[in-house]
Amino acid sequence: MDISAVYSAGRLLIGVKGELDQHRARQIKAQAEEQMDVFLPKECALDLSGLRFMDSSGIAVILALRKRMEELGGRLILVNIPQQPMRVLEAAGIERLVPIGVRIGEEAAQ
Amino acid sequence: MNGENVVKIEFPSRSSNEAYARAAAAAFAAQLDPTMDELGDIRTAVSEAVTNCIVHAYPDEIGPIYLRLRILSGNVLEISVKDHGRGIEDIAKAREPLFTTGGEERSGMGFTIMESFTDTLRVRSRPGKGTTVTMQRKIRSRGGRS
Ligand SMILES: Nc1ncnc2c1ncn2[C@@H]1O[C@H](COP(=O)(O)OP(=O)(O)OP(=O)(O)O)[C@@H](O)[C@H]1O
Ligand SMILES: [Mg+2]
């Protein structure tokens, strides 16, 4: 697995680790969508604390996951965003499109 | 640092080489004593340019990508990424935010990100011949360089 997933009380916490580029994007997106379809959460939090690198391929993944959550009647938030991914999100103006949550514990990233 | 330093790397357009290209650029840039943010910007800009070659220049084949890294006077890093792929019909349009020919898997933000992470971005392209993207980024933040 390229991601980790923890579900509790309507909330799905998905941890993405390593590097999110075009090489890994398709797999990470498919695995995250699979978890969403299994748990049908009201809210999905993407925990990016373990992400060492992300480029525009990651933006497409985030937007696709946001769309999937909307289709399921829920919402996607981003939490624990390291500096490099944050700069990419800001350059692309994505921080206006996907809400950024408060810092949470590291449990999802384990 | 005085004088010019340059490296040239050629590799096939396999997506597994994206990480390699980023790491090579970061390792070369290290001699300019960049900050973490500057290194992140360089890795990101290289990743965008190389990914474009893999995805757009050679959509149905594996072709060569040429990465050239140069240090210019004034602590400037120049990154040049070249392919012999499909080329770009309308460069101005391609550079617009959100413009993509890549469908759902792309966001159309690659050139926008490259522009915001570098000081200058030049695109030369001929349909059917290939594309060269050249970026320059001045490395400023850390003191103590000779
Ligand atoms: N090396 C290239 N060869 C051929 N076409 C290219 C090349 N680089 C970019 N393009 C064209 O320019 C468009 C815009 O590129 P840009 O990187 O901004 O967005 P994208 O690659 O489509 O999406 P993203 O970078 O967000 O994943 C591409 O969709 C493609 O049509
Ligand atoms: Mg791109």
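This passage describes the interface between chain A and chain B and the two largest pockets of a predicted model.

We can begin with the place where the chains meet. The contact draws on 25 residues of chain B and 20 residues of chain A. Putting the two chains together buries about 1,800 Å², and carbon and sulfur atoms account for 46% of that area. Polar pairing is also found here: 15 residue pairs are in polar contact between chain B and chain A, counting those with both residues at pLDDT 80 or more. Seven salt bridges cross the interface of chain B and chain A. A pair worth looking up in the structure is E19(A) with R22(B), whose side chains form a salt bridge with an N to O distance of 2.8 Å.

On the chain B side, three helices each supply at least two residues to the surface that touches chain A, namely α1 (17-29), α2 (36-57) and α4 (110-117). Of these, α2(B) gives the most, with ten residues. Sorted by class, the side of chain B that touches chain A comprises nine charged, ten polar and six nonpolar residues.

Attention now turns to the pockets. The largest pocket has a volume of about 580 Å³. Its lining is made up of 30 residues, and those closest to its centre are H56(B), I88(B), A94(B), T101(B) and F111(B). Helices and strands of chain B both take part: α2, α3 (91-94) and α4, together with β3 (76-83) and β5 (130-138), each give two or more residues to this lining. Here again α2(B) is the leading contributor, giving the most to the lining of the largest pocket with seven residues. The helix α2(B) thus appears both in this lining and on the side of chain B that touches chain A. By class, the lining of the largest pocket holds eleven nonpolar, eleven polar and eight charged residues.

The second largest pocket has a volume of about 300 Å³. Among the 18 residues that line this pocket, the closest to its centre are A25(A), R26(A), K29(A), V61(A) and E105(B), a set that includes residues of chain A and one of chain B. From chain A, the helices α1 (22-39) and α2 (56-71) each supply at least two residues of the lining of the second largest pocket. Its lining divides into nine charged, five nonpolar and four polar residues; R26(A), K29(A) and E105(B), from the group closest to the centre, are good places to begin a look at this pocket.

Terms used. Residues are numbered from 1 along each chain as its sequence is written. Chains are lettered from A and ligands numbered from 1 in the order in which they are written. This is a predicted model: local features need pLDDT of at least 70, side-chain atom pairs count only at pLDDT 80 or more; totals for chains, interfaces and linings use all residues. Side-chain values use heavy atoms; hydrogens and water are left out. Contact means heavy atoms within 4.5 Å. Buried area is the accessible area (1.4 Å probe) that two parts lose on being put together, summed over both. A salt bridge is a side-chain nitrogen of Lys or Arg within 4 Å of a carboxyl oxygen of Asp or Glu. A polar contact is a pair of N or O atoms within 3.5 Å; within protein, one must be able to donate a hydrogen and the other to accept it, and residues adjacent in sequence count only if both atoms are side-chain atoms. Helices (H or I, at least four residues) and strands (E, at least two) are DSSP runs, numbered from the N terminus. Ala, Val, Leu, Ile, Met, Phe, Trp, Tyr, Cys and Pro count as nonpolar, Asp, Glu, Lys and Arg as charged, and the others, Gly among them, as polar. On a 1 Å grid over the protein atoms alone, a cavity is a set of points where a 1.4 Å probe fits but cannot get out, and a pocket is an open set with protein on both sides within 12 Å along at least five of seven lines; lining residues have an atom within 4 Å of a point. Grid points are joined across faces, edges and corners, and a volume is the space filled by probe spheres set on the points.
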